[in-house]
Amino acid sequence: MDVFAAINGRYSVRSYQATEVEEEKLKKVLDAGRLAPSGNNRQEWKFILVRDRETRQKLATAALGQSFVAEAPAVIIACATESEHVMTCGQPAYTVDVSIALAFMLLEAYELGLGTCWLGAFNEREVKKAVGIPDSVRIVAMTPVGYPAQVTAPIKKRKSFDQVVAFEGYR
């Protein structure tokens, strides 16, 4: 896999085929998250794969009515099993670690011909209720997973390299 090509080619998919995703592909996507780095190798995460149609519909409702969540044949919920740890730099470790893991999963899904869409717009309490997540666990993000209804060229409006990169100091 050319990682840069995957980073450049991956886009948010909001329309999915009804085709089920092969078990082997789903396991590879989830394993990419498992293998991701985390601070002090703590791996304080759990990834919940949801394929049940009724539960996916509840997740779509919890995702502020984003119907494409239920349209996808699978949804991954990325959870932090411990949310109190703060890194030395002052950042909560769970948001960083789980985000890295989910980013790895999105890239692996793309490599396998699958579409995803990072979701941060959801009611955490409703998602927890839909799949029985304990109150002590935080949900960082979710993503539907499936075959895109149509493959399109990514439309990515990005700032220029010079707008986001500085050398030897903040400029």
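**View 1. Glutamate 124 and lysine 128 meet in a salt bridge within helix α6 of this predicted model.** The N to O distance between the two side chains is 3.9 Å. Helix α6 covers residues 124-131, and the two partners sit 4 residues apart in it, which puts about one helical turn between them. An α-helix has 3.6 residues a turn, so residues three or four places apart point the same way. Glutamate 124 and lysine 128 are both buried.

**View 2. Glutamate 124 also forms a salt bridge with arginine 138.** Here the side chains come to 3.0 Å, N to O. Arginine 138 belongs to strand β4 (residues 138-146) and glutamate 124 to helix α6, so this pair ties together parts that lie 14 residues apart in sequence. The two ends of the bridge can be described by their accessibility: arginine 138 is partly exposed at 32%, while glutamate 124 is buried at 18%. Elsewhere, Arg42, Glu44 and Glu82 are joined into one network by salt bridges that share partners.

**View 3. Glutamate 54 and lysine 58 are paired in helix α3.** The closest N and O atoms of this salt bridge are 3.9 Å apart. Helix α3 takes in residues 53-62, and the 4 residues from one partner to the other amount to about one helical turn. Glutamate 54 is exposed, with a relative accessible area of 55%. Lysine 58 is partly exposed, at 42%. Side chains of opposite charge can pair when their charged atoms come close. The model has 7 salt bridges by the rule used here.

**View 4. Helix α5 runs from residue 93 to residue 111.** Its 19 residues reach 27 Å from the first C-alpha to the last, close to the 27 Å expected at 1.5 Å a residue. Buried residues of α5 include Ala93, Tyr94 and Asp97, and further along the helix Leu102, Met105, Leu106 and Leu107 are also among them. Glu108, a charged residue, is buried as well. The elements that cover the buried residues of α5 include the helices α1 (3-9) and α2 (23-34). Strands β1 (45-50), β2 (74-80), β3 (115-116) and β4 also belong to this cover. Just after the helix, glycine 113 takes a positive phi of about 85°.

**View 5. The largest pocket holds about 280 Å³ of space.** Its lining is made up of 13 residues. Those nearest the centre of the pocket are Arg10, Tyr11, Ser12, Lys156 and Arg158. Helix α5 gives the largest share of the lining, with 3 residues. Sorted by class, the lining has 8 nonpolar, 2 polar and 3 charged residues.

**View 6. The largest cavity is lined by Arg42, Glu44, Glu82, Ala93, Tyr94 and Asp97.** About 40 Å³ of space lies inside this cavity. The model has 1 cavity of 30 Å³ or more. Of the lining residues, 4 are charged and 2 are nonpolar, with no polar residue. Arg42, Glu44 and Glu82 appear again here: these lining residues are the ones that salt bridges with shared partners join into one network. Ala93, Tyr94 and Asp97 in the lining are buried residues of α5.

Methods: Residues are numbered from 1 along each chain as its sequence is written. This is a predicted model: local features need pLDDT of at least 70, side-chain atom pairs count only at pLDDT 80 or more; totals for chains, interfaces and linings use all residues. Side-chain values use heavy atoms; hydrogens and water are left out. A salt bridge is a side-chain nitrogen of Lys or Arg within 4 Å of a carboxyl oxygen of Asp or Glu. Helices (H or I, at least four residues) and strands (E, at least two) are DSSP runs, numbered from the N terminus. Buried means under 20% relative accessible area, exposed over 50%, partly exposed in between (1.4 Å probe, protein chains only). The expected span of a helix is 1.5 Å times one less than its number of residues. Contact means heavy atoms within 4.5 Å. On a 1 Å grid over the protein atoms alone, a cavity is a set of points where a 1.4 Å probe fits but cannot get out, and a pocket is an open set with protein on both sides within 12 Å along at least five of seven lines; lining residues have an atom within 4 Å of a point. Grid points are joined across faces, edges and corners, and a volume is the space filled by probe spheres set on the points.
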